[in-house]
Amino acid sequence: MEKHWKSVISRSVCDYFFDHQRKASSPEDIPPVIATPHHYLISVYRSSMFFVAVCTTEVAPLFVVEFLHRVVDTFEDYFSECTESIIKEHYVVVYELLDEMLDNGFPLATESNILKELIKPPNILRTIANTVTGKSNVSSTLPSGQLSNIPWRRTGVKYTNNEAYFDMIEEVDAIIDKSGSTVCAEIQGYIDCCIKLSGMPDLSLSFVNPRLFDDVSFHPCVRFKRWESERVLSFIPPDGNFRLMSYHIGSQSIVAIPVYVRHSLCLRESGSGGRLDITLGPKQTLGRTIENVVLEIPMPKSVLNCGLVTNQGKYTFDPVSKLLVWEVGRIDVTKLPNIRGTISLQSGSPPVEANPSINVS
Amino acid sequence: MYAPGVNSSTTLSSSSSYNNDRPPSAEAVEVATDPASGGFFNSDYKKHDDLKQMLDSNKDNLKLEAMKRIIGMVAKGREASDLFPAVVKNVVSKNIEVKKLVYVYLVRYAEEQQDLALLSISTFQRALKDPNQLIRASALRVLSSIRVTMIVPIVMLAIKDAAADMSPYVRKTAAHAIPKLYSLDQDQKEELIQVLEKLLYDKTTLVVGSAVMAFEEVCPERIDLIHKNFRKLCSLLVDVDEWGQVVIINMLTRYARSQFTDPNLQDVDEDEESKRPFYEDENEVEEEQQEKRAPTLDPDHRLLLRSAKPLLQSRNAAVVLSVAQLYHHTAPRSEVHQVAKAMIRLLRSHREVQDIVLTSIAATATRRKVMFEPFLKSFFVRSSDATHIKLLKLEILTSLATESSVGIILRELQTYVAAHDPPFVAAAIQAIGRCASNIKEVTDTCLNGLVSLLSNKDQAVVAESVVVIKKLLQTQPSAHREIIIQMAKLVDSVTVPQARASILWLLGEYSERVPKIAPDVLRKMAKTFTSEEDIVKLQVMTLAVKLCLTNPKQTKLLCQYVLQLAKYDQNYDLRDRARFLRHIIFPADAESGGPTRLSKQAKKIFLAPKPAPVPESHFKDREQFQLGSLSHYINTKANGYQELPPFPLEAPDPKARDVETEPQVMEQAPLFTAKKVSSKKDSTFYSDTESPEDESEEDENSSDEDDDDDEEEEASSSDKDDDDNEDEESSGLEEKLPIKVVKSTAKPKSDEEEEEDESDEEDSSSESVSDSDSEDESSEPSSVPKKQVRNAKPAKESTPVAKPKSNLDLLLDLDDVSPAFTPIMTPSLGGFLTPMSTPSSQVKTQLFPDIQPASAVISPNTTSELLNKINSNGLEIKYRFTRSPHLYSPSMASAELTFHNHGPDELTDIRVGEKPTSGGVSIHDFAPIPSLSPGSSLMGTIGVDFADSTQPVNFEIKIGSDRTYPVALKVPVGEVIRAVAMSEELFLKQQGGLRGMNENTAKLSLTKPCTDLKSLTNKILTVANLGVIPNSDSSTLRFAAQTLSSKSTVLVSLLSSDNQNLTITVNCEKMVIGSMLITQLKACLAD
C-alpha cells in the first residue's frame, strides 16, 4: 500500500529496503534509516509489519519515526488492532486517515480525538446504518477542538455515567549477573487513563512521593508549570483512552525485584545433551502474590529439542526461533515452580552460555 | 473486494459516453454491483468500464463504492489514470466522502493529466469561498497539491486570501500550501515570502508551527523575518503542537547560533578535553571555575533556553531530542547536562527511537563524557536488544569509560564476550581493546583477559582478540614476549585471515624479541603461501622482508622464495608489492654494481618505529552536523541540510527582536541600522580631540576603568556592525549597557537640538532597557496609541540629523548610576517614536533650554497601601513612588506596586479595571498579572499622570472575571514634580519672574539647631523630588523642579539666617502646588 505526498516516487525504492531486510537476521536488525542514492528510507517495525517512509531531503529522523509510530497508534485505536489483514480490509479509512494526518509531508492532525471527529471509526453498527441511510463516516464540519487551545479534547462530550479509570503499569528491567546479584535495575512506569467525563473536566492528580520519579514525560494536556512548581498533575483530559504520563525510576534508586531465579544449565558437547534446572522464587513481595510469570530463554542455535518436566505451568520450545517459553502462572510460596530436564543438542557445536530473560507481569 | 459486473458494462460501454445525460437504467446498475456476476475473465482495456459506469450513476453509494475501489487500486500502486475524466467529474459531488476520495485521486494523478485537471479548478475556486472552514481548507489543500504549473497564479491568489482568513485552520492550510507552491514554481518566492511574513506574525498556536515549517522550506536564509517573532515563538512554544515544536526548535537553534554569542567562549576548548581524556577530571574543575565567571547570556538567549526546557518532558521523542540538540548546540556548558536524563528516558521507547537517540548520545558522549556518566548503567546491554542497538551501547560505554568506571564496564564487557551474537562479541572485544588503550591503569588487566580469550573455542572470538592484542602490543611491546610467542603458536590453529595477518605482522615487527620463532613461522607460511588469503600473503611478504633484513643468514633464501611465489600470483596487488620489495631488498646487482641507495636504507624503511594506533570513536567526526538531524545519523550531508552556523563573535543587534506591532513603527525599523552606522561618525561631535578611529577602542577602556563623573564621560558606542576589534570585553560591556542609565549632561547646551537629544536619549534607553525587561513581559500586547505617534513633533521628522546621535548619547553619559532614575518600562512601549511631550509643553521648555531633567537624588522608601488585604480577600497592594519618569510618557509619575497574596487561593488575572478619563488624568496600566499564588508577591509599575493636581486618582483593580475593587492612589505634592538642573543665574532669573502671587514664603525656627546643611537637604529631598542647584552662597539652599504635566517651574530656596531660623521660599506658577509644597516642607523641617 502506498500513498504519496509531494511528488510520486516509484515503488522500486523499496527494493533497497528489501535488500536490507534480506541481509538482516531478524526484523529488528534492520536499521531504521537507510540511505539510498536519492532517497532516505525511514522505517518502523510494529506488529510484524514494516511502515516505511521515503523522504528526499533533510528531516529529523526521529520526527519521521515518531510520526510513523503515531500512525500505527492511530490505526490501533481505530481498528483495535493493527494487522496486515485489517489494514487491507479498511484501506479506504486508512487512506483517509493518512490524508488527514499528513499534508505535504508535514503532520496535520494527529490527535485521535480530532481524527475521530473527522473520520468516524468503523464499526458494524455504523456500517449498516451508513448503507441504509447513505451517510458516510466522514464528518463535514471541522471539529471544534482543532481550533481551541486544547486540541486534544473534543467538545460536547456527554456521558450518563461519568467515570475515570487510571491504570498504573510498572515494568522492572534488571540485568542480573551469573551469581544472582543485580547489575542494574530500573523501573519504567506508565499511567494510562480511560476518561469518560462530560464537558470540560479539569483534573488534578497528586502523588504521595513525587520525588521518587527520576524523569517523567507527559501527554501534552498536562500543565508543565503546575508540575514544576507543585508536583501536581493538572490537566484537561482527552476523551477516551490515552497515556497520561510515563516515568522512569533510574538505576540510582534501589529497585526491588520481585522474583529470583535459581538456575543450573549445562550444555555438554557429547551426544547426551545438556541439563537444565531452574527454580523460581518470590522475593520481597510484601505479601502480594506474583502472577502471570513467564520465563523466556533464547537457546543457542545448536539446541535441537528440549525434554523438560515442570511442576507448574507449561513450557513450549520453538525449534525454529530456539526460544524456550515457560508459562509459570502464579508463584506459590510453599511449592516453588521448577523446570528440569534434558536438552538435546546438535553434536559438534560448541556450548554457549544462555541468557535467560524474564518477563514478569 | 473486487466485484466487477462485466455483463452490464460490456453492453453499455458502446452507448454510454462520459457526458451521457441519460442515467443508466436501474437494472443495469443492480447487475453492476452484483458480485456474483463475476468478472475475472474480462480483458484489461475494458476492466474499468464498470467503474466508470458506477461513477456516472446518480447514486452516491455507487459512486462511493467505485471511488473506494479506485482508491484501492491507487493504494496498491496500480495504474488508474485512465479513469481520470470519470473521476474528475465527481469533484462536484455533494457527498463529502466521495468528494474526499476524489480529492485524493486528483492529487495523485493531476500531474499526469494536466488538461483534464484544469476542469476541476473552478470547483475549488468556488469551494474556497465556502462558509464551512473545513471545506475552504480542504479545497486549498487539494488545489495547492495539484502540481500543474498553469494554475500557479490561481493558487497564489488562493493562498493570499487564505492567509488572511478568519479561521486559523484555513490559515494553517495556507502555510502548508506555501512550500507546495514554491516547489512548483520557484519564481514565486518573493511573493510567497510576503505572505509568509504575515503568517509568521500570527499569534495562533495552530498557525505558528506550520508557518515556521513553511519558512524552513521556502526561505531558511531569511533569518531577519524571525527577529520580530522570536519572543512570541518562545512564549508560544509550549502550546504549539508537537510537530510544530520540533520544527520551531530546530529553526531557533539555527537562529540562536547566528544571533547570540557563544556562551562557552571563555571555557576551555572542548576539543582539548577530548584530546586528553586522562586529565578529564582536572579539566572539569577548571571548567567549573570558568563557568562561574562565564559571561551572562543575552536575555533572549536565556528566554529561548528557558521556554524550551519544559518540553524535555514531552511524550514525543522528536521534541525531546530537538530540545536536547538545542541545548547541545547553544546552551552554556553548565546547563547542557540537564537534557541527559530525558535522553536516557527515550531509551525505553521503541527500537527505532532508541537507535536514533543512541546515535546522538554516542556522538555527544565523545565530547561530553560527564553528561552521561551518571547514567552509565542505562547503557548496559540487554539480551533482548537488537544487534545494532547493542553495538551503539558498546560504543557509548567505551566512550564513557574513565578510571573510576572502567572496572564495572570491563566486567560487563566480559559477560558480553560470552554472548552468541558474533558481531556483538567482536565489538565487545574491540571495546575492551579501546578501554585498555585509553585508560593506562587497566591495560595490563585487559591484555591478560584478551590473552585468555585466545584459548576460547570460538574461532571468531580468538581472531578478534588477536587483532585487538596486536593493536595493544604496539603501544608497549617490550614487556610482552610471552604473548608474542603464544600468538605465534596460534598461527597453526587460527584460520581467520585477519587474525593470521595480524600475527604475522607482529612477528615481523618484533622479530628480534623472538629470534628463534619468527624464521620458523616464516618457513611454515612459505609452505602454505599459495593457499592463503591475499591479506595474509601480503603480511607473509612483509614478514619475509623484515626477517631478511634482521636475520639474513637464516631467511634470505626463504624471502627470495616467497617473493618468487608472489611474482606469479593472480592478484596484481601482490605482484606489484613483490616487485617493489624485491628491488629494494635484492637490487639487481648486475646492472648497478652495488647496493643502491634505497637498499642501504631498507632497514630504516621497514623497521622504522611505528606509532601505535589510537582507537577512536567513529562518532567523533559527526560534530559537524546538527545533532538529531538526518545528516547526523547517516554521517553524510543529506539533501537540503542546513548547516549550523558558527556562533558569531559578536552578537548582532538585539534590538531587532523588539516587538513593535504598530505598522507605522515597523516601517521605521530600518532607521535603527542607519542610526548605528552613522553614530560613529557623529561621535566626533562629542569627543573633541580624538580621531574617530581611535575613539571607540579608547572609550572601551576608559568606560571600564574610570567611573568618575567628568563632564562628559564617554563610553564606547560599541557599534557591533562597524567595530571589528570588539572583543569579549566589549561584548560584556554591551550586556551591561541596558542596566546603565542615562544621566543628563550637566554642561548646558544652547542649541535647539537639545530637546531632541533628550527625547531621543530616553527613547533609546528605553529600548535597551526593554531588552532586559521584556523577557518577562514581552508577551504583553503593545499598545502604542496611534494618536500619540502622530503627535510626535514634526521637528523630529524634519531633523533626521539629530536621530543618529541617540544611541551615542545614551552611551556617552552612562555612568554614576542612580537607581531611582532607571526608567521603568512596559516593554512594548519603548518604541522610539513614543512621544515624550506634548507640543504645548515643548514651547514652554524651549523658552528655557537650559533646564534639564535631573535624576532624583533620593528615592523615598515610604510605601502606602493601595488595596487592603481585608477588603480584597487576600490581595494586598502597596505602592511607592520611584521618582523615575515613566516610559510611556514623561508626564507620568511611576509608582512601583507590590502585590502580595495573603489569601489561601491563587489569584488570577489581576489587572486595572475602569480608569478615570476626565481632567487630564490618565493611567498607564501595570502589566496584567496572570496568576499570583498564595504567599507570593510580585512587583508591577503603574504610570499616572496627575495633571498637576494632588487629588487622589480613583480607579479599579480587577481580579479574575468577577472581582472588582475601587482604589484611590494618593500622591504627595512632592511627587508631582520632577527634579531639574539649572545654573544659579538662571535660577535667580526665573525666581525674579515668579514673584507676587506665585511666591510663598514661610518662616520657621528649628527645634534643635541645625549645623549641617546636608541633613537639611536630605530632609527636603525625601519629601519632594527636587534638584539641587549649585550654590555660591553658603547660607542658602536652592532647589528646582518642574511639574510633571505642564512643566511649570518650581523653585525652592531656603535661607538660614542663623542655625535656628529658616526662611523657605517657594516660587511656582501653579499657586496651589506652591502653597502645598511649602506646607509640606515646613512640616518636614519642623520635625
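Is B:Glu242 buried or exposed? B:Glu242 is buried, with a relative accessible area of 6%. Keep that residue in mind for the opening view, and remember throughout that this is a predicted model.

**View 1. B:Glu242 and B:Arg315 meet in a salt bridge.** Here the side chains come together with an N to O distance of 3.0 Å. The two partners belong to distant parts of chain B, 73 residues apart. B:Glu242 sits in helix α16 (residues 242–259), while B:Arg315 is in the loop between α19 (299–308) and α20 (317–330). Salt bridges with shared partners tie this pair to A:Glu66 and A:Arg70, giving one network of A:Glu66, A:Arg70, B:Glu242 and B:Arg315. As for cover, B:Glu242 is buried at 6%, whereas B:Arg315 is partly exposed at 28%.

**View 2. A:Arg243 forms a salt bridge with A:Asp192.** The closest N and O atoms of this pair are 2.8 Å apart. This is another link between distant parts of a chain, with 51 residues separating the partners. A:Arg243 comes from strand β11 (residues 240–249) of chain A, and A:Asp192 from strand β7 (residues 182–196) of chain A. A:Arg243 is partly exposed, its relative accessible area being 38%.

**View 3. A:Arg22 pairs with A:Asp19 in a salt bridge.** This time the partners share helix α1 (residues 14–23) of chain A. They are 3 residues apart there, so about one helical turn separates them. Their closest N and O atoms are 3.2 Å apart. A:Arg22 counts as exposed, at 63% relative accessibility, and A:Asp19 as partly exposed, at 35%. If you'd like the wider tally, a search of the whole structure finds 23 salt bridges over all chains.

**View 4. A:Cys193 has no bonded cysteine partner.** Why does the sulfur of A:Cys193 make no bond with the closest cysteine sulfur? That closest sulfur belongs to A:Cys221 and is 8.0 Å away, so it is too far for a bond. The cut-off for a disulfide is a pair of cysteine sulfur atoms within 2.5 Å. By this rule, the count over all chains comes to 0 disulfides. A:Cys193 is buried, at 4% relative accessibility. Another cysteine, A:Cys55, is buried too, with a relative accessible area of 12%.

**View 5. Four acidic residues gather in a patch of negative charge on the surface of chain B.** Which residues make up the patch? They are B:Glu533, B:Asp534, B:Asp573 and B:Asp576. To find your way there, look for B:Glu533 in the loop between α32 (517–528) and α33 (534–550) of chain B.

**View 6. A:Arg231 has a positive phi although it is not a glycine.** The angle is about 60 degrees. You'll find A:Arg231 in the loop between α7 (224–230) and β10 (232–235) of chain A. With a relative accessible area of 35%, A:Arg231 is partly exposed.

**View 7. A:Pro319 lies in a loop between two strands of chain A.** The strands on either side are β16 (314–318) and β17 (323–329). Now bring A:Asn305 into the picture: A:Pro319 and A:Asn305 are 14 residues apart along the chain, and their C-alpha atoms are separated by 6.6 Å. A:Pro319 counts as partly exposed, with 45% relative accessibility.

Note on methods
Residues numbered from 1 in each chain as written. Chains lettered and ligands numbered in written order. Predicted model: local features only at pLDDT ≥ 70, side-chain atom pairs only at ≥ 80, totals over all residues. Heavy atoms only, no water. Helix = DSSP H or I, 4+ residues; strand = E, 2+ residues; numbered from the N terminus. Buried < 20%, exposed > 50% of the residue type's maximum accessible area, 1.4 Å probe, protein only. Patch = residues over 30% accessible without salt bridge, like charges linked within 9 Å, V, L, I, M, F, W, Y side chains within 5 Å. Areas by Shrake-Rupley, 256 points an atom, 1.4 Å probe, with all protein chains shown as cover. Lys, Arg positive; Asp, Glu negative; His and termini not counted. Charge placed at Lys NZ, Arg CZ, Asp CG, Glu CD.
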